[in-house]
Amino acid sequence: MQQIKNFINGEFVGAASGKVFDKRSPSDNSIIAQVSEAGRLEVDQAVAAARTAYLGEWGSYSTEKRVELLYAVADEITRRFDDFVAAEMADTGQPKAVMTHAFIPRGAANFKVFADVIKNVPSESFQTTTPDGLGALNYALRVPKGVVGVISPWNAPFLLMTWKVGPALACGNTVVVKPSEETPMTAALLGEVMNAVGIPKGVFNVVQGFGPDSTGEFLTHHPDVDAITFTGETRTGTAIMQAAAEGMRDVSFELGGKNAGLVFADCDFEQAVEGIYRSSFLNSGQVCLGTERVYVERPIFDKFVAALKNKVAQVKFGRPDDPEANYGPLISHEHQEKVLSYYKKARDEGATVVIGGGVPDMPDDLAAGAWVEPTIWTGLAEDATVMKEEVFGPCCHIAPFDDEQAVIRLANDTDYGLSTTIWTRDLSRAHRVASRVEVGITWVNSWFLRDLRTAFGGSKQSGIGREGGVHSLEFYTEMRNVCIKL
Ligand code: NAD
Ligand code: 6OD
């Protein structure tokens, strides 16, 4: 049985309490690892190690030296690509292709991109006039925040964790990472990578465990953590914000979504069907940027529903390494229960189930996994529960619309504001609609296409702040002004 430990001050350590928890396979519910649950003691040790490294060796490195090491981290991830792919497949149950083409390469890119950003950051300076006519020179020093707590979710664990660790380290901070209890493996592997390339002890630490009354809470309440970056549910964000208020720590939050896809009759039909299929069902619908509300212009509504149904009918459930399979389970039985309760609610509130709605028949060796059918609904009122709350599962509701103004109102009628996709060949319409949807990112005729130099984040209850490219510096550094009288 694989034993996964905490990574503190460059060493893999268990919990002094001896506490471990089981990590189960989403595909068949078998126990695939035992994970040491970090208690207050281990969190204290990790934060102390991070502080010492910040004030010591790491803090003394030049930007060039950090950049060189971050490139080495990216190269070592690439060298151990297969290990990362295998670990993430085991943790999430998602198909190998998703890992090899998207999630793991992004982990390496997250270090390179921010190494490049930090090399090219200019500093600002101002000449100020003074009554004696000699003037003063003001210039800005950009300094790291210190010890950053990174709390990450399970849906794209390595991508989302490194998306925070990369910029944090590039800016000269040290980190204590708390990955999701559902996906402990790739964070532990990253500890091996850090040691292999010579990242000083204490710069990167991992504490494994749960959220409330456990590791996550101990970390977010820790007084020696200077800033907290979090990706996860909006409700958890609220709890973490309360913790961060003690000591006035800064937060950066990437939270839930209830994203709309707007399909206009003038779209490239095949492209739109494929795009909505991916955005609603990739990773078994467990993508914050995914589309759970689809609005299709009335002249193509019936044809669109039939085409999307046809694509969904072709999914092949199976293990991540099954070359015939292209569709995985949900992360856990707990999440399966939640998604199935939304499926029931949709039926109770009058949905027409176009396809899916339940648990698929699986062969005996997979029957204990957390499987659910990808599901399409039509016919719900706009105030139905699944039109308002994030399901975070493989499902979407499709409704017809008649005009541009009306569909913009529908898209914006939500507490969330993460992403929108617009499918149209009319460029003027694309610009018009993109400027009016209240979200952090709008895709036109595409989805999940990311240039990591752009600002990423959510509006309304989908987040606080923006990360990406130079925007990450706003969170991972602070500016100090120096004024020199000339
Ligand atoms: P979650 O909020 O349940 O957990 C996320 C992390 O927070 C986990 O590591 C968990 O252990 C920890 N945690 C939970 N309660 C905590 C507490 N009180 N104090 C400290 N830590 C705590 O989210 P999840 O179920 O892992 O992920 C799914 C959610 O994440 C969805 O809502 C999804 O939309 C969101 N998400 C958002 C983005 C984005 O970029 N906006 C990206 C991915 C996922
Ligand atoms: O691409 C990213 O940087 C990012 N944060 C993606 C989020 C995916 C959500 O599931």
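**Exercise 1. Sort the shell around ligand 1 by residue class, then work out where the ligand sits.**

Start with the classes: the shell around ligand 1 is made up of 14 nonpolar, 9 polar and 6 charged residues. Keep in mind that this is a predicted model.

Next, pick out the closest neighbours. There are 29 residues around ligand 1, and the nearest are Lys 178, Glu 181, Thr 236, Leu 255 and Glu 390.

Now bring in the domains. Residues of the shell come from domain 1 (2-255 + 462-485) and also from domain 2 (259-451), so ligand 1 lies between the two.

**Exercise 2. List polar contacts of ligand 1, then say how much of the ligand is covered and which elements line it.**

Step one, the backbone. A polar backbone atom of Ser 152 sits 2.8 Å from an oxygen atom of ligand 1. For Gly 232, a backbone N or O atom is 3.5 Å from an oxygen atom of the ligand.

Step two, a side chain. Trp 154 has a side-chain N or O atom 2.9 Å from an oxygen atom of ligand 1.

Step three, the cover. On its own, ligand 1 has 840 Å² of accessible area, and the protein covers 92% of that.

Step four, the elements. Helix H8 (215-220), strand S11 (227-231) and helix H9 (234-245) are the ones that give two or more residues to the shell around ligand 1.

**Exercise 3. Do the same job for ligand 2: neighbours, polar contacts, cover.**

Neighbours: the residues surrounding ligand 2 include Leu 159, Leu 160, Trp 163, Glu 254 and Phe 448. Arg 106, Asn 155 and Arg 450 are also among them, and these three come back in the next step.

Polar contacts: oxygen atoms of ligand 2 are the partners here. Arg 106 brings a polar side-chain atom to 2.8 Å from an oxygen atom, Asn 155 does so at 2.7 Å, and for Arg 450 the distance is 2.8 Å.

Cover: ligand 2 has 300 Å² of accessible area on its own, of which the protein covers 99%.

**Exercise 4. Count the disulfides, then check Cys 267 and Cys 396 one by one.**

The test is simple: two cysteine sulfur atoms must lie within 2.5 Å. Apply that and you get 0 disulfides.

Take Cys 267. The nearest cysteine sulfur belongs to Cys 396 and is 15 Å away, and Cys 267 is in no disulfide. Cys 267 is buried, at a relative accessible area of 5%.

Then Cys 396. The closest cysteine sulfur, in Cys 395, is 7.3 Å from the sulfur of Cys 396, which is too far for a bond. With a relative accessibility of 0%, Cys 396 is buried as well.

**Exercise 5. Decide whether Thr 129 and Ser 472 are buried or exposed, and place each one in the fold.**

You need two cut-offs: buried is under 20% relative accessible area and exposed is over 50%.

Thr 129 has a relative accessible area of 74%, so it is exposed. Look for Thr 129 in the loop between strand S6 (125-128) and strand S7 (136-144). As a distance check, Thr 129 and Val 85 are 44 residues apart in sequence, with 59 Å between their C-alpha atoms.

Ser 472 has a relative accessible area of 1%, so it is buried. Ser 472 belongs to helix H16 (residues 471-476). To finish, follow the side chain of Ser 472: the backbone nitrogen of Gly 468 is 2.7 Å from it.

Technical notes: Residues are numbered from 1 along each chain as its sequence is written. Chains are lettered from A and ligands numbered from 1 in the order in which they are written. This is a predicted model: local features need pLDDT of at least 70, side-chain atom pairs count only at pLDDT 80 or more; totals for chains, interfaces and linings use all residues. Side-chain values use heavy atoms; hydrogens and water are left out. A residue is near a molecule or strand if one of its heavy atoms lies within 4 Å of it. A polar contact is a pair of N or O atoms within 3.5 Å; within protein, one must be able to donate a hydrogen and the other to accept it, and residues adjacent in sequence count only if both atoms are side-chain atoms. Accessible areas come from the Shrake-Rupley method with a 1.4 Å probe; for residues, only the protein chains shown count as cover. Helices (H or I, at least four residues) and strands (E, at least two) are DSSP runs, numbered from the N terminus. Ala, Val, Leu, Ile, Met, Phe, Trp, Tyr, Cys and Pro count as nonpolar, Asp, Glu, Lys and Arg as charged, and the others, Gly among them, as polar. Domain bounds come from an automatic or database domain assignment. Buried means under 20% relative accessible area, exposed over 50%, partly exposed in between (1.4 Å probe, protein chains only).
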